[in-house]
Amino acid sequence: MKKYLKEIIIVLLQLFMFYIFPLFAGPTDAMGMVLLIILATLILATILGITSNNKIKYGYPILVALLFIPSIWIYYNESALIHSVWYLVISLVGLFIGTAINKLIYIK
């Protein structure tokens, strides 16, 4: 458990962005909220790629896409299902950027 503490904290932050953050957005702020969540997903995936050396980090993009799906029926409608694909792609890009930075900084 302690071995995966960084990953757990990042997943909890991602859950906050998917489930708690939309509670504070108004009805006209939907597009800005989606863009902010996408940016947060990119940043969290980059941080995970930089800080984690565990192999479990490569499952993070799939986990992010799966964690977003229940929020579709809570806050949005079925047309937002395509956003789970965007979160998968954005988190993959962020993870690869973070892993590349990790390899450049921590050359062993």
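This report walks through the core, the helix packing and a few individual residues of a predicted model.

## The nonpolar core

Let's start in the middle. The largest nonpolar core has 21 residues, and the ones touching the most other members are Phe 18, Ile 37, Tyr 60 and Tyr 87. Four elements give two or more residues each to this core: helix 1 (5-20), helix 2 (30-51), helix 3 (60-75) and helix 4 (82-105). Helix 2 chips in the most, with eight residues.

Phe 18 is a good residue to click on if you want to see who sits around it. Setting aside neighbours within four places in sequence, Phe 18 is in contact with Ile 37, Thr 41, Val 64, Leu 67, Phe 68, Ser 71, Tyr 75 and Tyr 87. Two of those partners, Ile 37 and Tyr 87, also appear with Phe 18 in the list of core residues that touch the most other members.

## The aromatic cluster

Now for the rings. There are five aromatic pairs in the structure. Ring pairs tie Phe 18, Phe 68, Tyr 75, Tyr 76 and Tyr 87 together into a cluster. Phe 18 turns up here again, and its contacts include the cluster members Phe 68, Tyr 75 and Tyr 87.

## How helix 3 sits against helices 1 and 4

Take helix 1 and helix 3 to begin with. Their axes are 9 Å apart and they pack at an angle of about 25 degrees. Angles under 35 degrees count as roughly parallel, so helix 1 is roughly parallel to helix 3. The crossing of helix 1 past helix 3 is right-handed. On the helix 1 side, the contact is made by Ile 10, Val 11, Gln 14, Leu 15, Phe 18, Tyr 19 and Ile 20. Helix 3 answers with Tyr 60, Leu 63, Val 64, Leu 67, Phe 68, Pro 70, Ser 71, Ile 74 and Tyr 75.

Helix 3 also packs against helix 4. Here the axes come within 8 Å and cross at roughly 155 degrees. Angles over 145 degrees count as roughly antiparallel, so helix 3 and helix 4 are roughly antiparallel to each other. Helix 3 passes helix 4 in a right-handed crossing. From helix 3, the contact uses Tyr 60, Pro 61, Ile 62, Val 64, Ala 65, Phe 68 and Ile 69. From helix 4, the residues involved are His 83, Ser 84, Tyr 87, Leu 88, Ser 91, Leu 92 and Leu 95.

## Where helix 2 meets helix 4

Thr 46 lies in helix 2. Is Thr 46 buried or exposed? Thr 46 has a relative accessible area of 15%, so it counts as buried. Leaving out residues up to four places away in sequence, Thr 46 touches Gly 94, Leu 95, Ile 97 and Gly 98.

Two of those partners deserve a look of their own. Leu 95 belongs to helix 4 and is buried, with 1% relative accessibility. The C-alpha atoms of Leu 95 and Ala 45 are separated by 4.8 Å, although the two residues are 50 residues apart along the chain. Beyond its neighbours within four places in sequence, Leu 95 is in contact with Ala 45, Thr 46, Leu 48, Gly 49, Lys 57, Tyr 58 and Pro 61.

Gly 98 is in helix 4 too, and its relative accessible area of 0% makes it buried. Which residues does Gly 98 contact, leaving aside its neighbours within four places in sequence? They are Thr 46, Gly 49 and Ile 50. With Ile 50, the C-alpha to C-alpha distance is 4.5 Å, while the two are 48 residues apart in sequence.

## Val 34

One last stop in helix 2, which is where Val 34 is found. Val 34 counts as buried, at 10% relative accessibility. Its contacts, leaving aside neighbours within four places in sequence, are His 83 and Tyr 87. Tyr 87 is also one of the core residues that touch the most other members. For a separation in the other direction, try Tyr 4: Val 34 and Tyr 4 are 30 residues apart in sequence and 28 Å apart in space, C-alpha to C-alpha.

Note on methods:
Residues are numbered from 1 along each chain as its sequence is written. This is a predicted model: local features need pLDDT of at least 70, side-chain atom pairs count only at pLDDT 80 or more; totals for chains, interfaces and linings use all residues. Side-chain values use heavy atoms; hydrogens and water are left out. Rings of Phe, Tyr and Trp (its six-membered ring) pair if their centres lie within 6.5 Å; planes under 30 degrees apart count as stacked, over 60 as edge-to-face and the rest as tilted. A nonpolar core is a set of buried Ala, Val, Leu, Ile, Met, Phe, Trp, Tyr and Cys residues joined through side-chain atoms within 4.5 Å. Buried means under 20% relative accessible area, exposed over 50%, partly exposed in between (1.4 Å probe, protein chains only). Contact means heavy atoms within 4.5 Å. Axes are lines fitted to C-alpha atoms, for helices over the stretch in contact, and angles run from 0 to 180 degrees between N-to-C directions. Angles under 35 degrees count as roughly parallel, over 145 as roughly antiparallel, 65 to 115 as roughly perpendicular and the rest as oblique. A crossing is left-handed if the near helix is turned anticlockwise from the far one by less than a right angle, and right-handed if clockwise.
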